[in-house]
Amino acid sequence: MKQGKLIVIDFRPADEYETKHIPKAVSVPFERLDEYLQTISHDTEIAAFCRGMSCSLTFEASGIHAKKRIQSLSN
């Protein structure tokens, strides 16, 4: 994270994020993920954070990010 090569994205609602979050994590509502990914380099690694291991948003977000990386490499 210090080198700017990893971004922790927190998908929880804003009030949960504001209550407590991982230091330097970025609050990005899931419905705005696509828009947010347009603002970061395609080679930036992301770590998705939600409510725990069973939160399906982390898996969906990882898939979206992977798809964007593949698309950028093929262009």
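This report walks through a predicted model of one protein chain, from its overall layout down to a few individual residues.

## How far to trust it

Start with the confidence, since this is a predicted model. The mean pLDDT for the chain is 76, and 64% of the residues reach at least 70. Confidence varies along the chain: strand E2 (residues 26-27) has the highest mean, at 92, while helix H3 (residues 56-74) has the lowest, at 60. Keep that in mind when you look at H3 on screen.

## Overall layout

You'll find 3 helices and 3 strands here. Follow the sequence and the order goes β-α-β-α-β-α.

The chain has 75 residues, and 27% of them are buried. Its accessible surface is about 5300 Å², with carbon and sulfur atoms supplying 56% of that. As for contacts, take those with a separation of 6 or more: 58% of them link residues 24 or more positions apart.

## The sheet

The 3 strands make an open sheet, ordered E2-E1-E3, with parallel pairing. E2 and E3 (45-49) are the edge strands, and each of them pairs on one side only.

Zoom in on E1 and E2 and you'll see two parallel strands joined by 2 bridges. Ile 9 has Val 26 of E2 as its bridge partner.

## The nonpolar core

Now for the inside. As a general point, nonpolar side chains in soluble globular proteins tend to be buried together. In this model, the largest nonpolar core has 9 residues: Ile 7, Ile 9, Phe 11, Val 28, Leu 33, Tyr 36, Leu 37, Ile 40 and Ile 46. Strand E1 (6-10) and helix H2 (33-37) are the elements that give two or more residues to this core. H2 gives the most, with 3 residues.

Tyr 36 is a handy core residue to click on. Setting aside neighbours within four places in sequence, Tyr 36 is in contact with Ile 7, Ile 9, Val 26 and Val 28. Of those partners, Ile 7, Ile 9 and Val 28 are listed in the core along with Tyr 36.

## A closer look at Val 26

Val 26 sits in strand E2. Why isn't Val 26 counted as buried? Its relative accessibility is 25%, so Val 26 counts as partly exposed; buried would mean under 20%.

Even so, Val 26 has several partners from elsewhere in the chain: leaving out residues up to four places away in sequence, Val 26 touches Ile 7, Val 8, Ile 9, Asp 10, Tyr 17 and Tyr 36. Take Ile 7 as an example: 19 residues separate Val 26 from Ile 7 in sequence, and their C-alpha atoms are 7.4 Å apart.

## Salt bridges

Side chains of opposite charge can pair when their charged atoms come close. The count of salt bridges here is 2. One links Arg 12 to Asp 10, with 2.8 Å between the closest N and O atoms. Both of these residues, Arg 12 and Asp 10, are buried. Asp 10 is also among the residues that Val 26 touches.

Another links Glu 35 to Arg 32, and again the closest N and O atoms are 2.8 Å apart. Glu 35 has a relative accessibility of 48%, so it counts as partly exposed. Arg 32, at 43%, counts as partly exposed too.

Conventions:
Residues numbered from 1 in each chain as written. Predicted model: local features only at pLDDT ≥ 70, side-chain atom pairs only at ≥ 80, totals over all residues. Heavy atoms only, no water. Salt bridge = Lys/Arg side-chain N within 4 Å of Asp/Glu carboxyl O. Buried < 20%, exposed > 50% of the residue type's maximum accessible area, 1.4 Å probe, protein only. Helix = DSSP H or I, 4+ residues; strand = E, 2+ residues; numbered from the N terminus. Contact = heavy atoms within 4.5 Å. Areas by Shrake-Rupley, 256 points an atom, 1.4 Å probe, with all protein chains shown as cover. Core = buried A, V, L, I, M, F, W, Y, C linked by side-chain atoms within 4.5 Å. pLDDT = per-residue confidence, 0-100. Pairing = 2+ DSSP bridges.
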